[in-house]
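Work through the exercises below with the sequence and the 3D structure at hand. Try each task before reading its solution.

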Amino acid sequence: MKKTSMKPFLLMLSATIALLWSTVANARAEEQREGKEMLQKLCARCHSIGRTGASPNKLAPPFRTFSETKLYDSDFMQRLQTGLTSIHPFMPTFRFSREDAQEVLSYMRSIQEAPEPK
């Protein structure tokens with residue numbers, strides 16, 4: 001390839017990559033927005049579902065504190081789909097479709113606090 005014909009190719013490649021990156025970022029933002037909306041409807045009565053704020057129910061942990069203990073457990077998404085239950089007698093069982101579970105998990109991962117150093 002000639003040196004002069006490389007520049008348009010590289011410009012086109014850069015533009016394509018930027019467009020793809022933007023599309024992926026927009027899809028992830030939409031997925032997280034949908035996840036947040038579901039958690040707002042189902043869980044916000046007891047849990048803090050945002051990056052800040054206390055949970056309305058003092059016994060319900062804020063979702064931003066779940067990090068490694070729950071979200072990165074290989075079974076968490078499966079439990080969201082088959083029926084997430086708790087030892088707390090007042091917490092209802094929720095079942096999510098695969099798509100809804102992915103949206104919830106994506107949102108919850110996006111709000112996690114950095115773990116405290118050990």
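The exercises go from the whole chain to single residues, and the model they use is predicted.

**Exercise 1. The chain as a whole**

Task: State how many helices and strands there are in the chain, and what share of its residues is buried.

Solution:
- Step 1. Count the secondary structure elements: the chain has four helices and zero strands.
- Step 2. Write them in sequence order, which gives the pattern α-α-α-α.
- Step 3. Turn to burial: of the 118 residues in the chain, 29% are buried.
- Step 4. Look at the contacts with a separation of 6 or more: 50% of them are between residues 24 or more positions apart.

**Exercise 2. The length of α4**

Task: Check whether the span of α4 agrees with 1.5 Å a residue.

Solution:
- Step 1. Take the number of residues: α4 runs over 98-110 and has 13 residues.
- Step 2. The expected span is 1.5 Å times one less than the number of residues, which for α4 comes to 18 Å.
- Step 3. Compare this with the model: the end C-alpha atoms of α4 are 18 Å apart, so the two values agree.

**Exercise 3. The largest nonpolar core**

Task: Find which residues of the largest nonpolar core touch the most other members, and which helix supplies the largest share.

Solution:
- Step 1. Begin with the general tendency: in soluble globular proteins, nonpolar side chains tend to be buried together.
- Step 2. The largest nonpolar core holds 19 residues, and those touching the most other members are L39, I49, F63, L80, F96, V104 and M108.
- Step 3. Assign the core to helices: α1 (3-42), α3 (76-82) and α4 (98-110) each give at least two residues.
- Step 4. The largest share is that of α4, with five residues.
- Step 5. Check burial along α4: A101, E103, V104, L105, S106, Y107 and M108 are buried in this helix.

**Exercise 4. Two aromatic pairs**

Task: Classify the ring pairs F63 with F66 and F94 with F96.

Solution:
- Step 1. A search of the whole structure gives two aromatic pairs.
- Step 2. For F63 and F66, the ring centres are 5.1 Å apart and the planes meet at 70°. Planes over 60 degrees apart count as edge-to-face, so this pair is edge-to-face.
- Step 3. Add the burial of this pair: F63 is buried at 5% relative accessible area, and F66 is buried at 9%.
- Step 4. For F94 and F96, the centres are 6.4 Å apart with 35° between the planes, and the pair is tilted.
- Step 5. F94 is buried with a relative accessible area of 15%, and F96 is buried at 9%.

**Exercise 5. C43 and C46**

Task: Explain why C43 and C46 are not joined by a disulfide.

Solution:
- Step 1. Recall that a disulfide is a covalent bond between the sulfur atoms of two cysteines.
- Step 2. The cut-off for the two sulfur atoms is within 2.5 Å.
- Step 3. The closest cysteine sulfur to that of C43 is in C46, at 8.6 Å, which is too far for a bond.
- Step 4. The count of disulfides is therefore zero.
- Step 5. Compare their surroundings: C43 is buried at 10% relative accessibility, whereas C46 is partly exposed at 26%.

**Exercise 6. Q112, P62 and S55**

Task: Describe where Q112, P62 and S55 are found and what Q112 and S55 reach with their side chains.

Solution:
- Step 1. Place Q112: this residue is in the segment after α4, and it is buried with a relative accessible area of 16%.
- Step 2. Trace its side chain: Q112 reaches the backbone oxygen of F63 at 2.8 Å and that of M108 at 2.6 Å.
- Step 3. Compare sequence with space: Q112 and T65 are 47 residues apart in sequence, but their C-alpha atoms are 6.1 Å apart. P62 and Q112 are 50 residues apart along the chain, with 9.7 Å between their C-alpha atoms.
- Step 4. Place P62: it is in the loop between α1 and α2 (67-70) and is buried at 18%.
- Step 5. Leaving aside residues up to four places away in sequence, P62 touches S48 and S55.
- Step 6. Place S55: this residue is also in the loop between α1 and α2, and is buried at 10%.
- Step 7. The side chain of S55 reaches the backbone oxygen of A60 at 2.7 Å. Beyond four places in sequence, the contacts of S55 include C46, H47 and S48.

Notes: Residues numbered from 1 in each chain as written. Predicted model: local features only at pLDDT ≥ 70, side-chain atom pairs only at ≥ 80, totals over all residues. Heavy atoms only, no water. Core = buried A, V, L, I, M, F, W, Y, C linked by side-chain atoms within 4.5 Å. Buried < 20%, exposed > 50% of the residue type's maximum accessible area, 1.4 Å probe, protein only. Polar contact = N/O pair within 3.5 Å; in protein donor to acceptor, adjacent residues only side chain to side chain. Phe/Tyr/Trp six-rings, centres within 6.5 Å; stacked < 30°, edge-to-face > 60°. Contact = heavy atoms within 4.5 Å.
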